[in-house]
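Let's get to know this one through a few questions and answers. Have a look around first, then read on.

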Amino acid sequence: MKHFLLVLTGVAAFFIGKGQTVCPVIPLPVKAVKESGVFPMSAQTVICAGDASLQPLAVYLRGELQRRYQLPVTVGKKAGATTIYLKQSGKDTNVDAYTLIVNKKAITIAAAHREGIFNGIATLLQLSTAATSHGGVLTIDGWKITDAPQYAWRGLMLDESRFFFGKKKVLQLLDWMAFYKLNRFHWHLTDVPGWRLEIRRYPLLTTVGGIGNIVDSTAPAAYYTQDDIREIVAYAGQRNITVVPEIDMPGHAAAANRAYPAFDGGGTDRYPRFTFNPGREGTYQYLSDILTETAQLFPAGMIHLGGDEVTFGNAGWDSDTGITRLKQQHGLKDRKAVEDYFIQRMADTVLRLHNKVMAWDEIATATLPADSTIVCWWRHDKPEALALALSKGYSVVLCPRLPFYFDFVQDSSHHIGRRWAKGAYNSLETVYNFSAAKLPAVPGHESQILGVQACIWTETVHNDNRLDFLVFPRISALAETAWTPAARKDFKGFADRLKAQQLLYKQAGLYYFDIFNPGWHKESGKSADHYID
């Protein structure tokens with residue numbers, strides 16, 4: 001506790017010591033006005049939820065104040081000496097919008113929707129990190145904040161097929177996402193190195209397909225049980241985060257094919273067993289069974305089907321008799337047509353499960369229902385894929401490799417991880433300065449852009465420290481890019497606010513990259529310079 005208060009005092013000093021009137025929150029709110037007076041939060045403070053439906057949020061806030069500051073505030077129906085009010089009111093069409101008022105008598109968080117109330121709580125928790133503490137009282141500066149994000153989709157993707165981090169690390173990552181108001185966790189659970197999701201109808205997927213990782217192909221099977229999944233999904237839901245599962249197909253299927261080779265569609269010398277077999281009717285039933293169990297575990301209302309890089313291992317499709325017969329029956333002229341046919345059939349399954357279809361931008365060539373399809377545009381060097389997806393009316397999440405692949409190096413001095421041609425990499429500033437408006441395909445299709453997402457692929461990420469080093473502090477820049485209007489953004493001001501955030505990283509024991517002192521933590525991991533998909 002003593003160590004924490006020292007850290008908290010240091011955070012506050014960044015603002016109070018300089019007479020700071022800029023709101024210290026990341027992402028920067030749309031409008032924040034400094035008010036006179038301070039709110040004294042103590043054990044006598046009461047959280048009052050104006051509606052029974054907000055009770056879980058009140059309990060969450062109480063838990064966070066206890067965890068962070070050891071402040072035993074209570075949740076009750078009657079006001080206390082000082083009170084935090086949660087009020088559902090208004091008819092704002094932006095579900096994430098909220099107002100937060102802090103004065104000497106009360107803190108009031110008001111919003112038309114539960115999501116907005118949660119965002120107000122996240123802002124309050126950030127304001128509390130800039131507070132001072134004395135004698136069991138946390139003194140929070142007065143503010144009047146009116147806020148709403150520019151994007152509904154504010155996402156982060158984690159690849160656990162290549163390296164399995166486990167429940168504790170995932171829960172920690174979800175906590176930080178909530179702190180920064182990121183609300184979509186895209187979970188890459190299946191790929192070549194390992195299958196990480198328990199499917200009870202096909203137990204070998206985990207006991208056999210879960211063996212190995214990108215470092216050691218013989219590592220003991222590692223995966224999440226269905227009980228693990230339910231716990232993580234519930235934990236995320238409490239924090240206003242939707243968990244979107246990815247079951248990669250028809251490529252990146254080697255782990256599954258090791259477990260159930262009957263559905264193997266072949267591969268190449270470099271990518272053996274890479275695809276499922278589109279020419280075998282049983283493949284569709286097998287994958288439908290998997291997707292049915294997946295939908296039961298994840299209430300996101302969408303399932304990501306992958307659909308990327310199928311060409312890496314589909315050469316054998318030309319000589320497979322079942323696929324040859326499929327091409328003849330349906331007039332499919334080439335492997336790409338077979339791929340689109342496969343995606344369309346599996347999309348039908350997802351739709352029957354009352355989920356939307358999500359996939360990487362290669363699926364833009366398929367014919368899918370526009371109102372139920374979400375495309376992740378990742379190939380920054382393929383703007384035509386983005387243009388095609390938008391022209392077909394698909395919704396799009398922007399996650400281009402440059403600047404949103406967080407496995408790319410983030411500083412010119414770094415040598416471990418990936419770079420693009422001519423040494424391009426993803427610095428904190430390039431993440432912060434990303435603008436959808438600068439993409440030629442976007443004007444006229446702004447309503448189809450759901451938001452932005454960063455992706456953490458783990459070819460070169462083999463431990464928790466390496467993950468921290470790549471995620472922090474870029475996660476904060478991602479959050480502000482996803483939330484704050486361009487007119488409000490300023491990298492210098494962001495960097496000033498980041499100094500206090502890095503003290504929080506230090507307090508949490510994160511192995512972060514310190515942009516102000518690059519030698520603080522050394523990069524570590526397996527080198528893969530200039531590795532390009």
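Q: Is R230 buried, partly exposed or exposed, and at what relative accessibility?
A: First, a word on the model: it's predicted, so local features need pLDDT of at least 70 and side-chain atom pairs count only at pLDDT 80 or more, while totals for chains, interfaces and linings use all residues. Residues are numbered from 1 along each chain as its sequence is written, and side-chain values use heavy atoms, with hydrogens and water left out. Buried means under 20% relative accessible area, exposed means over 50%, and partly exposed lies in between (1.4 Å probe, protein chains only). R230 counts as partly exposed, at a relative accessibility of 41%.

Q: Which residue does R230 form a salt bridge with?
A: Side chains of opposite charge can pair when their charged atoms come close. The cut-off for a salt bridge is a side-chain nitrogen of Lys or Arg within 4 Å of a carboxyl oxygen of Asp or Glu. R230 has its partner three residues away in helix α6, about one turn of the helix (helices are DSSP runs of H or I, at least four residues, and strands are runs of E, at least two, numbered from the N terminus). With the closest N and O atoms 3.1 Å apart, the partner is D227.

Q: How many residues apart are E231 and K167?
A: Their side chains meet in a salt bridge, 2.8 Å from N to O. E231 is partly exposed at 39%, and K167 is partly exposed too, at 27%. The pair links distant parts of the chain, with E231 in helix α6 (residues 226-238) and K167 in helix α4 (residues 167-179), and the separation is 64 residues.

Q: Which helix holds both K499 and D496?
A: These two side chains also form a salt bridge, at 3.9 Å from N to O. K499 is partly exposed at 28%, and D496 is partly exposed at 35%. They sit three residues apart, about one turn of the helix, in α16 (residues 491-508).

Q: How many salt bridges are there by this rule?
A: Some of them share partners, joining D159, R162, D191 and E459 into one network. The full count is 25.

Q: Within what arc do the buried residues of α11 fall?
A: Helix α11 (residues 383-391) has A385, L386, A389 and L390 as its buried residues. Seen down the axis, they line one face of the helix, because the directions from the axis to their C-beta atoms fall within an arc of 130 degrees.

Q: What phi does G393 take?
A: G393 comes just after α11. Its phi is positive, at about 85 degrees.
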